[in-house]
Structure formats: structure tokens, C-alpha cells
Protein chains: 2
Amino acid sequence: MNNQPLFAFPRLRDFIHRAFVKLGMPNHDAATVAHLMASADLQGSDGHGIIRLPPYSRRILNKGMNLTPNIRAIEERAATALLDGDNGMGHLVMSKAAEIAAAKAKNCGIAWVGSRYSNHAGPASLYARMALEHNMIGLYFAVGNANHLPPWGGLDMLLSTNPIAVAGKVKAKAQRNEMMPEGWMIDRQGKPLLDPKKADEGFLLPIGGYKGYGLSLIVGLLAGTLNGAAMGKAVIDFNHDEKSTTNTGQAIAMIDPAAFGDIDQFKQRVDTLVGEIRGSEKMPGVDRIWLPGEQSEAKRAKYTEQGIPLPEKLVQTLADLATQLNIEPL
Amino acid sequence: MNNQPLFAFPRLRDFIHRAFVKLGMPNHDAATVAHLMASADLQGSDGHGIIRLPPYSRRILNKGMNLTPNIRAIEERAATALLDGDNGMGHLVMSKAAEIAAAKAKNCGIAWVGSRYSNHAGPASLYARMALEHNMIGLYFAVGNANHLPPWGGLDMLLSTNPIAVAGKVKAKAQRNEMMPEGWMIDRQGKPLLDPKKADEGFLLPIGGYKGYGLSLIVGLLAGTLNGAAMGKAVIDFNHDEKSTTNTGQAIAMIDPAAFGDIDQFKQRVDTLVGEIRGSEKMPGVDRIWLPGEQSEAKRAKYTEQGIPLPEKLVQTLADLATQLNIEPL
């Protein structure tokens, strides 16, 4: 990490913006997507940021995504909406979903906005955090864009890891020539699979065993099946198919704490709880107890200050993309 | 199990009913609680059924629960409500919460009803299932009535296992003189704790490691902190304190699938997904792939037919309770 070149947030954002405009995306939409993708890198969600620009570009060039979608509510109640994303970029669909959810939650106390015919939108936290601008609690659910999990006891990969399972660390183990611990993967006989280079012969395990399978299924039902989006066998593995419409399903819920009493008192109660957790006696060797989201917050501060590190190989891939699109490089 | 005496559902229900009436609970409320508690046993949730009658009775005799609560909405919006349970039985609070949630979700598409000053309500699925009567999806969240989990890296038990973590199986291992597998518990040095008889010296681990810690915290925030109910240090361990007001927090959400399109089409999509999961190629040694809730459903059918098995020791405890309360025995 220490030897990786560093790039200021605006540099990443503006490069992404240029690429999408050159690919034919309207300027305002390109700005929205570029801001969100660079924000992913800024918070350390580096698997969901600028690294996705080359595959997104290929999908656009393959006519696999709609550059001028008509994103609209096709079902609506006081506290709910179902958006048809018209195969536009997920970032645009979920930005609109968050906006609608905030307005509805302000009126009704809670709102839930689902999507169909959306696409990959990057890290969940970008959208859950949009609730904070409205003094609200945000929850985000998505059907993953590739199935890695079989049902408990099964061998067919029908479930995505969704946002609640171990994932993405297997490749890193393989690159470092390390074995995986038990509990990450099993082979087709149900025995522990420890060699990450044999990952294709096995399956990721859900967190918490059968409980994780249940959670993954529930998230898929709420974000996919309810919305008429792809789930189970209908899910397109977007790593291996850059053309077919993914019909990605997502959902964002917002809860207005003011609907449950004084909001300042609620924030004080949260602060008290955070203080109790931070102040817990620590296990030997632990120097700090983290709250969810704190590490991302710390990265945002650090990377804003010093710049965002990108691996050399990715920088080269982005340079190639710039040449291909004939745009100013990063 | 095979040698345990069997009791028909109405026999359990009516015994519980008699006990609560004798303890001073209004007849209609006693009937509601008795039905729900016996329903827990009927679906195999035997840790949440009639086994709780003796501790509930002790709490009532200790004036630790309010027999004639004024359960009322103290905050309300179109799609939300916050109930003050007035320290009544959780079964009554959550039954009312479910009723309100169903009516609001019918109008708004989704509803969320939280509680404060509630008490233990039995298994989550009883309340989530109430949504089915209204053709809705139900979600239930609760702050557990005892803290077993430290935050990740910590040693203070500030989090309950909530409904998403391994729990309750440690005692069974101890009774059978078996060791626990790695991953269930750790000691105060963070090392695996395998002897269930030393459970008091260690901590339960959340499912999925730090992700489980995050989930437990989020559920506690939504079901407890948001509602002004106990969370963190404020949680009363109801196994060791049968007098103090627990200020238990719960929440039930209902989603009306009809707000997202044709409900029959939704049910067909669920059936398709269920078919895909059931039809998955099976791991060697697995003869059936289960969907969440199917095992409870199977138990409901079996126990309705043959009766509900109760351990001899519990039957004796209930006989003692009948003598103590001077009511007709089970």
C-alpha cells in the first residue's frame, strides 16, 4: 500500500466523469456516477470504486446498459415506491430511490423504495449514508451481481453473498499464497476447502452457517423477488456476461427517528451506547474497539488529506482505457 | 425425545391460561398470551413456550410485570408508531404492534411499529407470521433480555445475541458432557473456549465474526435505542433479576407486496425461487434442502397430530406451579 501512487479525490472523480461523457452518458448523470464511484474509493471501498470503470465501460460499449434510462416509479404508495431503472446505472437508480425514500419517510415516518432493472450501484454504505443528510436512518439491501452461495446443504449456486457474507478475500489469499481458515469455503463433498487456488472447485460459506443462508435468502427476497428483479437462477453473473440485462434489484429504507420521539434525545442515547462500546474492557492485544463505519470514516479523512492509493496495475488499466476512449488520462 | 410425555396443544394453552388468570391477569389477555406461548411449543420453539411460565409467574409475583397495562401509541405517523407497553407482557404489546402495523402497511405499503417498556414476547416468528394473515411480509426485531456478547475485541457484555446469533446450545452441550466446536465461544484472552462447563468464563461469539457484531448492534439500535428502550448497559438480565422493569424494546415491520405489483405474480416468483432451492443438487449425505420456516411448519403438523413433547423435569416444575397457585394441573 505504501508504495502505491496517490490520487486526489477530484482527479479520480473527473477522470471517471470524462470517461462516461465520452461513452455517451449525459453530463449530469456522468457527474453523479463519477462522484459516487470516487466516494467509494475515498472510504476504502476499493472493490466498488474506479476499479469498476473498465467493466462498466465494456458493458456500455456492448450495449449492456442504457445510457439514457427513463428511471421512474411504476408502483407507489404513501411510504413505498418501486422504481424501474430502465437498465440504467445502479448509481443513478439508487440516488433517485434515496431521494424518494427521504421525502416519503419525512411524511410517513418510514419509507421503502425498491428497484428492478437496475444495475450494480457500488457499496451499500453510499446509499445508507444518504439518509444522514436528512437526519434519518438508512438501510440498503441488494441482490448481488453474481451467485456464490448454494442453499444450505445444496451445491447449486443460487444465492449471492448479498451484503452480509464473507467475500472477496479469497483472491487476496491466493495472491499471497496463503491458505484460507476453515469456515470460509467448502468443497463439493462438504469438506473444508483451504487452498484459495482451488476456489473454483468449492463454495463460499455464508456467515453463521444456516442462519447466514437464511439471511441471504431474506435479503434476496426483499431486494429482488419482491421487486420483480432477478433472483436465484435468473441472476446474471456480470463478471462473465457483459451484455445481458442484469435486472438488478435493490431496496433502500429510511426511518425518521423524529417519528419515534425527540431526535436530540435519540442522538444522545446513541452517543451513550457508543461510549459504552468504546469504553468496554479490551481483549489482550486489542488497542481500540471499532464501531461499524468508523474505519471508513477514518479512511475518508486520511485519503482526503493524502490522496487515494491505487495499485500500479489498475493505474495502467485506466491509462489503457484513456487511450482507448481518447480522453485525457487520470 | 421419544420417551417424553405428549400434551395436546389445547391442554398446554388452557393450563397457561388458568395460571395467568389466577395470577390476576384479565381473562382476554391471559387467553392471548396462553395461545402464543403454546403456539411457540407447537412449532418447536420450546425455549420460548410453556418453559417460560414459571419465570413469568415469579416476575408477576415480584411485581416485576404489570398485569393491567395501558398499552398505547405515544408517537404516531402514517406508517409508524411507538408503543409504550406500560411494562405489560411482551406478547400483548407485540400483538397490538402487529395489528397496528398491518393496518398502516395496508395504507402506506410499509409500516414499522416499535415498543418500549415491553417484556419478553417469545419467538420472533410468532409475530413475523402475523403478517401472513394479512398477505404481508413480516419482519421482527428485538433486544435480547440478557447480554451475552461483547463488542468485537471487547470484554464487556454489552450486546444481546438478538435474533441472529448462535445461542442456547451451550447448556445442552454441558448436559451431554460434550465439548463445543471452535467458533462458539472465546475466553477472556480471546482464545477458543471449548468446555461448555466453563461458559461463565467466556463469551459467545456472534455469527460471522465482526459482521455479526455489526448486525447485533444494528438490531439493538433499531429495536432498542430508537424506541427509548433498554440497550447496552441498561439491559436487565431477566434470568437474574425478576423484579426490575426490563424496558424491553422490540419492533415489527410489515410490507404489503401488493404495493410492489400484483400479489399473485409475487407469490409465483417466490414459488419459483423455492423450487430452484429445493431442486438444487444436494451435497453428499443431504437428503433434503430446507427453506427457513419449513422445520417449524413440519413440527406444527406433527405436534398437532401427536401432541407436544415436554421433558419430565418441566412437567414436574409445572405440577409444582399448579400446586403453588392452587389451579388444576396440566
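This is a short talk on the fold of one chain, on how its two copies are related, and on a handful of individual residues in a predicted model.

Let me start with chain A taken as a whole, before we go down to single residues. Counting its secondary structure, we find ten helices and eleven strands in chain A. The radius of gyration of the chain is 21 Å, which is close to the 20 Å that the globule rule gives for 330 residues, so chain A is as compact as a globular protein of that length. If we take the principal axes as our frame, the C-alpha atoms of chain A fill a box of roughly 55 × 50 × 45 Å.

As for what is covered and what is not, 53% of the 330 residues of chain A count as buried. The accessible surface of the chain comes to about 14,600 Å², and carbon and sulfur atoms account for 51% of that area. On the side of charge, chain A carries 35 positive and 33 negative charges, and the mean positions of these two sets lie 3 Å apart. Turning to contacts, and looking at those in chain A between residues at least 6 apart in sequence, 65% of them join residues that are at least 24 apart.

Now, how are the two chains related? Chain A is superposed on chain B by a rotation of 180 degrees with 0.0 Å of shift along its axis, and the RMSD of that superposition is 0.1 Å. That is the relation of a two-fold axis. The interface fits into this picture as well: 100% of the interface residues of chain A are also interface residues in chain B, so the copies meet through the same surface.

With that frame in place, I would like to turn to the loop between α2 and α3, and I will take one residue from each chain. In chain A, Ser45(A) sits in the loop that joins α2 (27-42) to α3 (53-61), and with a relative accessible area of 17% Ser45(A) is buried, the cut-off being under 20%. Leaving aside residues up to four places away in sequence, Ser45(A) touches Ala40(A) and Pro123(A). Ser45(A) and Lys299(A) are 254 residues apart in sequence, and yet their C-alpha atoms are 9.6 Å apart in space.

In chain B, Gly44(B) is placed in the loop between α2 (27-42) and α3, and at 23% relative accessibility Gly44(B) counts as partly exposed. With the same exclusion of residues up to four places away, Gly44(B) touches Lys299(B) and Tyr303(B). The C-alpha atoms of Gly44(B) and Pro309(B), which are 265 residues apart along the chain, are separated by 9.3 Å.

Staying in chain B, we come to Gly64(B), which is found in the loop between α3 (53-61) and β2 (72-76). Is this glycine buried or exposed? At 0% relative accessibility, Gly64(B) counts as buried. Beyond residues up to four places away in sequence, Gly64(B) touches Arg59(B), Asn87(B), Glu242(B), Lys243(B) and Ser244(B). Gln324(B) lies 260 residues from Gly64(B) along the chain, with 19 Å between their C-alpha atoms.

Finally, a word on backbone angles. Most residues other than glycine have a negative phi. Against that background, I picked out two asparagines, one from each chain.

Asn247(B) is a residue other than glycine with a positive phi, near 45 degrees. Asn247(B) lies in the loop between α7 (210-223) and β10 (248-255) of chain B, and with a relative accessible area of 12% Asn247(B) is buried.

Asn326(A), likewise not a glycine, has a positive phi of about 55 degrees. This residue lies in the segment after α10 (312-325) of chain A, and with a relative accessible area of 62% Asn326(A) is exposed.

That brings me to the end, and I am glad to go back to any of these residues in the discussion.

Key
Residues numbered from 1 in each chain as written. Chains lettered and ligands numbered in written order. Predicted model: local features only at pLDDT ≥ 70, side-chain atom pairs only at ≥ 80, totals over all residues. Heavy atoms only, no water. Helix = DSSP H or I, 4+ residues; strand = E, 2+ residues; numbered from the N terminus. Rg over C-alpha atoms; globule rule 2.2 N^0.38 Å. Buried < 20%, exposed > 50% of the residue type's maximum accessible area, 1.4 Å probe, protein only. Contact = heavy atoms within 4.5 Å. Areas by Shrake-Rupley, 256 points an atom, 1.4 Å probe, with all protein chains shown as cover. Lys, Arg positive; Asp, Glu negative; His and termini not counted. Charge placed at Lys NZ, Arg CZ, Asp CG, Glu CD. Least-squares fit on C-alpha atoms with pLDDT ≥ 70 in both.
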